[in-house]
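This report describes charged and polar side chains in one protein model. Please look over the sequence and the structure before reading on.

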Amino acid sequence: MTSSESADTARAFEVTFDGRPVEALHGRTIAAVLWAAGITSWRTTRDGGRPRGVFCGIGVCFDCLVTVNGRPGQRACLVPARPGDVIRTEEGTGHED
């Protein structure tokens with residue numbers, strides 16, 4: 001383990017995604033935290049309930065929308081994860097492709 005890896009591990013904290021604890025690292029977006037935890041989909045479409053996650057990664061599309069601490073419509077690719085965040089899946093939101 002390098003010194004930077006041990007520093008990142010020391011700065012780890014927890015967020016909650018759909019009721020389950022997920023480890024996060026400081027400086028990472030919610031999308032990066034979820035992806036690192038093996039969660040690749042966190043929104044469903046209005047029409048058909050198709051799963052969505054990160055698509056553009058720069059906040060242009062609507063695929064990565066989540067509810068963070070009760071605030072819906074947050075772009076997971078832009079919002080930094082913070083200790084204690086409560087993140088929930090959004091169902092039937094956003095624009096269809």
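## Charged side chains and their partners

The side chains of E90 and T67 are joined by a polar contact of 3.2 Å, where a polar contact is a pair of N or O atoms within 3.5 Å; within protein, one must be able to donate a hydrogen and the other to accept it, and residues adjacent in sequence count only if both atoms are side-chain atoms. The model is predicted: local features need pLDDT of at least 70, side-chain atom pairs count only at pLDDT 80 or more, and totals for chains, interfaces and linings use all residues. Residues are numbered from 1 along each chain as its sequence is written, and side-chain values use heavy atoms, with hydrogens and water left out.

E90 belongs to strand 7 (residues 86-91); strands (E, at least two residues) are DSSP runs, numbered from the N terminus. Apart from neighbours within four places in sequence, the residues in contact with E90 include W42, R43, L65, P72 and Q74, contact meaning heavy atoms within 4.5 Å.

Which side chain of opposite charge is nearest to E90? It is R43, 6.6 Å away, and E90 is buried yet has no salt bridge. Here Lys and Arg count as positive and Asp and Glu as negative; His and the chain ends are not counted. Buried means under 20% relative accessible area, exposed over 50%, partly exposed in between (1.4 Å probe, protein chains only).

A salt bridge is a side-chain nitrogen of Lys or Arg within 4 Å of a carboxyl oxygen of Asp or Glu. By this rule there are 2 salt bridges, listed here.

| Salt bridge | Closest N to O distance |
|---|---|
| R43 and D63 | 3.2 Å |
| R52 and D63 | 3.6 Å |

R43 lies in strand 3 (residues 43-44) and D63 in the loop between strand 4 (51-52) and strand 5 (65-68), so their salt bridge ties together parts that are 20 residues apart in sequence. R52, in strand 4, is 11 residues from D63, and this pair also links distant parts of the chain. Through shared partners, salt bridges join R43, R52 and D63 into one network. R43 counts as buried at 1% relative accessibility, D63 is buried at 6%, and R52 counts as buried at 17%.

Another arginine, R75, lies over the face of F62, 5.0 Å from the ring centre. A charge sits over a ring if NZ of Lys or CZ of Arg is within 6 Å of the ring centre and within 35 degrees of the ring normal.

Notes:
Helix = DSSP H or I, 4+ residues; strand = E, 2+ residues; numbered from the N terminus.
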